[in-house]
Amino acid sequence: MPKLAGKVAVVTGASKGIGASIAEHLAAEGASVVVNYASSKSGADAVVNRITAQGGKAVSIQADVSKPEDIARLFAETKAAYGKLDILVNNAGIYEFAPLEAVTPEHFHKQFDLNVLGLLLTTREAVKLIDGVGGSIINISSMVGPMPVENAAVYSATKAAVDAITIALSKELGPKKIRVNSLNPGMVETGGLHAVGFAESNFRKTVESTTPLGRIAQPQDIARAAVFFASDDAGWVTGQTLILAGGQRQ
Ligand code: NAP
């Protein structure tokens, strides 16, 4: 019996990278999945096609989850498609690195509006759709939440905020049998990582040389842990922040 048979999951930012892999892994365990995207319709449709080709169920829904009105529509369309919700993966996020002298209100609000406010508002809407049997909220945080890095004060702060939200909401939503956990990856090879120039950088080499398992992560390394947190295997696990970094400690 698949671990997530009969469950419905929304994965934000699932057109590529970590979110796409999580959507595919949840569907492979029997969940019906909403593949959310902001602008990459072709990427999201490709994820849906890969899922349905394997016999799974998925639909793509466009919504910019930094915008409250889009968030409301995302969950209204989820309800129309599947009638309920069991699992929310708050994966959509941006990472902009900048030294202090380059920090601006725009740099701050762009990251906080998506990584923190968007995550809170998607969770608020999701909880309305999760019925009395409970559910699982999985926040894709980062290793830089508990271990902030230079030139990333704002990004690190967004992920520290995510981890605080995870713990606060695990206490608040426990009585509703809704578990809330963070996954905190180290460096993961994704389109986003290539876009910021880290995938072929000395930074990557440094990470690899200081990682006991000797490499950076691939998206499926994170997705397998997401399946665990989503499933009843993690039925007694809430309010946790799990570092997934091959043993790296900055
Ligand atoms: P990515 O390759 O850049 O993909 C980002 C995804 O988020 C895309 O599907 C994108 O959709 C979507 N997205 C961006 N803005 C959005 C918005 N406003 N509304 C809805 N969707 C939006 O990213 P990634 O590397 O997989 O990272 C995913 C998450 O993991 C982020 O929260 C990131 O902070 C975290 N993380 C990443 C790493 C890493 O090394 N890669 C490490 C630790 C944590 P469109 O393509 O449609 O815009």
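## Residue classes and model

Ala, Val, Leu, Ile, Met, Phe, Trp, Tyr, Cys and Pro count here as nonpolar, Asp, Glu, Lys and Arg as charged, and the others, Gly among them, as polar. The model is predicted.

## The ligand shell

The ligand is surrounded by 32 residues. S15, K16, S40, Y95 and T190 are the closest. Sorted by class, the shell holds 15 nonpolar, 14 polar and 3 charged residues.

Three contacts to ligand oxygen atoms can be picked out. The side chain of S40 places an N or O atom 2.6 Å from an oxygen atom of the ligand. For the side chain of Y155, the corresponding distance to a ligand oxygen atom is 2.7 Å. G192 makes its contact through the backbone: an N or O atom there lies 2.9 Å from an oxygen atom of the ligand. On its own the ligand has 900 Å² of accessible area, and the protein covers 90% of that.

## Elements around the ligand

Which elements give two or more residues to the shell around the ligand? They are α1 (17–28), β2 (32–37), α5 (153–173) and α6 (191–195). Helix α6 provides the largest share, with 3 residues.

## The largest cavity

The count of cavities of 30 Å³ or more comes to 2. The largest has about 50 Å³ of space. Its lining consists of T12, V65, N90, A92, L114, G118, L119 and T122.

Which helix gives the most to this lining? Helix α4, spanning residues 105–129, does so with 4 residues. By class, the lining of the largest cavity splits into 4 nonpolar and 4 polar residues, with no charged ones. V65, A92, L114 and L119 are the nonpolar members of that lining. T12, N90, G118 and T122 are the polar ones.

## The second largest cavity

About 30 Å³ of space lies in the second largest cavity. N90, N91, A92, N115, L119, I140, K159 and V162 form its lining. Helices α4 and α5 are the elements that give two or more residues to this lining.

How do the residues of this lining divide by class, and how many are charged? There are 4 nonpolar, 3 polar and 1 charged. The charged residue is K159.

## Shared residues and elements

N90, A92 and L119 line the largest cavity, and these residues also line the second largest. Helix α4 gives 4 residues to the lining of the largest cavity and two or more to that of the second largest. Helix α5 gives two or more residues to the lining of the second largest cavity and two or more to the ligand shell.

How values were computed: Residues are numbered from 1 along each chain as its sequence is written. This is a predicted model: local features need pLDDT of at least 70, side-chain atom pairs count only at pLDDT 80 or more; totals for chains, interfaces and linings use all residues. Side-chain values use heavy atoms; hydrogens and water are left out. A residue is near a molecule or strand if one of its heavy atoms lies within 4 Å of it. A polar contact is a pair of N or O atoms within 3.5 Å; within protein, one must be able to donate a hydrogen and the other to accept it, and residues adjacent in sequence count only if both atoms are side-chain atoms. Accessible areas come from the Shrake-Rupley method with a 1.4 Å probe; for residues, only the protein chains shown count as cover. On a 1 Å grid over the protein atoms alone, a cavity is a set of points where a 1.4 Å probe fits but cannot get out, and a pocket is an open set with protein on both sides within 12 Å along at least five of seven lines; lining residues have an atom within 4 Å of a point. Grid points are joined across faces, edges and corners, and a volume is the space filled by probe spheres set on the points.
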